[in-house]
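User: I have a structure open here and want to go through it with you. Can we start with the inside?

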Amino acid sequence: MKSSLKAKIGIFSMSLLSMAPLGIVPSIALIAASFPEASVSEVQMLTSIPSLMSLVAAVIVARIANVIPRKILAVTGPALVFIGGILPFLLPANLPLMLVCSGVLGCGVGFVSNLTQVLITDLLSPEERQEAMAMNTVFVNVGGIFMMFVGGQLAAGGWKNNYLVYLIALIVVIAVIAMIPMKSERVEEAKEAGPKPKMSESITANVIAIAAIAFVYMLLYNVFANNIALLLSERNLGDSGISGIVSSIGLIGGMLAGMVIGKIIPYFQKVSLGVSFALLALAMAVIALVPDATVITVAAFFTGVSMTILMAQAPFLISLSTTSLTMPGAMAVYSIGSSFGSFASPTVMNLLNDAVFGGGAGNCILLAAIACVVAAVVVIASGFQVKVLEQLKR
């Protein structure tokens, strides 16, 4: 088998776990009912703590990616996802323990999310990268669809069963062992060309700006993931199985967009980050304002399209500005921004929602839609993406 094809199979299999924290989303309402003494924000930490630990993992990967073989790190990520995901099924129901397991799972996701982009840069030519990064979003969303849909169906037999969805991580471990090479020619050549770069060399102004955009985006996007089950429950529109289907439709939107985004992105590449915010604003406004399960499902489709636009473009812009040795550090900065946004989302957005609208899942989603409009205007009006692309042409 051609080495680049093997590498893609290994990388894309890892990407199936990039949205692993969403696997338990269909059961958030059920878990909240099982722990009435806990606040909604505390239960939602099951999906936000992984984002915090992904941040920690990003820093770790940046520090050791040029020391420990990247294949070893690539195996470590899925293994941690499996351990953190399956333990809550095996152990007695205990929310603090479940939160700890979510942290372990988050570390694994942090390894996976950072290393997929790093491995694409290491193992594929520059000509293959943009298409590979766009296709990578397809597998990210396929994994998310699997997590949300299968997890939602498993939850019909009790929320603990939802955690069985993480058995898929064992298959990913096997695929990574079989397909990812132990060494990369580009990494070896870069090491021979000069000394190992300092972490600070990865932190450029462009990388910081893209990380900041990712922070805001994930802060707002996760309002949908954290509140859709609660919204459907509040409006008597469906149970955990329906919320899993709605969320999966969103990921299908992302998957289908990933298949074509590489072809159409040149037509709006200079404003694509702003377009992702605008599309998310429209989708979330419809979800918040229209009390119809079918309409909400259609709108959810476009939340996934929005996510794919951002996930395909942000890492690509970073990869063009880095080398094989500085890419791990740059991706760590980007991951810190996106992960911290996801982690902070339930706390920050619930506090703002309580202050502005007095609470409620629908109101929280509406607040996020309004914020997305503001973000879209700022990103496009600043001309940031135009400036970045012009710099890369020089």
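Analyst: Fine. This is a predicted model. The lining of the largest cavity divides into 14 nonpolar residues, 15 polar ones and no charged ones.

User: What volume does the largest cavity have?

Analyst: The volume of the largest cavity is about 540 Å³.

User: And which lining residues are closest to its centre?

Analyst: Ser 18, Ser 113, Met 218, Met 311 and Ser 338 are the closest to the centre, out of 29 residues that line the largest cavity.

User: Which helices each supply at least two residues of that lining?

Analyst: Helix 3 (40-64), helix 5 (95-123), helix 6 (126-155), helix 10, helix 13 (293-320) and helix 14 (327-356) each supply at least two.

User: How many cavities of 30 Å³ or more does the structure hold?

Analyst: There are three of that size. The second largest has a volume of about 60 Å³.

User: What lines the second largest one?

Analyst: Its lining is made up of Pro 21, Ile 24, Leu 46, Pro 50, Gly 84, Pro 88, Met 98, Cys 101, Ser 102, Leu 105, Tyr 163 and Tyr 166. Helix 3, helix 4 (70-90) and helix 5 are the elements that give two or more residues to this lining.

User: Which element has the largest share?

Analyst: Helix 5, with four residues of the lining of the second largest cavity.

User: How does that lining split by class?

Analyst: The second largest cavity is lined by 10 nonpolar and two polar residues, with no charged residues.

User: OK, on to the surface. Which residues make the nonpolar patch?

Analyst: Leu 256, Met 259, Val 260, Ile 264 and Tyr 267 make a nonpolar surface patch of about 520 Å².

User: Where is Val 260 found?

Analyst: Val 260 lies in helix 11, which covers residues 240-264.

User: Why does Val 260 count as partly exposed?

Analyst: Because its relative accessibility is 41%, and partly exposed covers the range between under 20% for buried and over 50% for exposed.

User: Different topic: what is phi of Asn 236?

Analyst: Phi of Asn 236 is near 55°, a positive value in a residue other than glycine.

User: Where does Asn 236 sit, and is that residue buried or exposed?

Analyst: Asn 236 is in the loop between helix 10 (205-234) and helix 11. Asn 236 counts as exposed because its relative accessibility is 70%, and the cut-off for exposed is over 50%.

Methods. Residues numbered from 1 in each chain as written. Predicted model: local features only at pLDDT ≥ 70, side-chain atom pairs only at ≥ 80, totals over all residues. Heavy atoms only, no water. Patch = residues over 30% accessible without salt bridge, like charges linked within 9 Å, V, L, I, M, F, W, Y side chains within 5 Å. Areas by Shrake-Rupley, 256 points an atom, 1.4 Å probe, with all protein chains shown as cover. Salt bridge = Lys/Arg side-chain N within 4 Å of Asp/Glu carboxyl O. Buried < 20%, exposed > 50% of the residue type's maximum accessible area, 1.4 Å probe, protein only. 1 Å grid on protein atoms, 1.4 Å probe; cavity = no way out; pocket = protein on both sides within 12 Å on 5 of 7 lines; lining within 4 Å. Points joined across faces, edges and corners; volume = space filled by probe spheres on them. Nonpolar A, V, L, I, M, F, W, Y, C, P; charged D, E, K, R; others polar.
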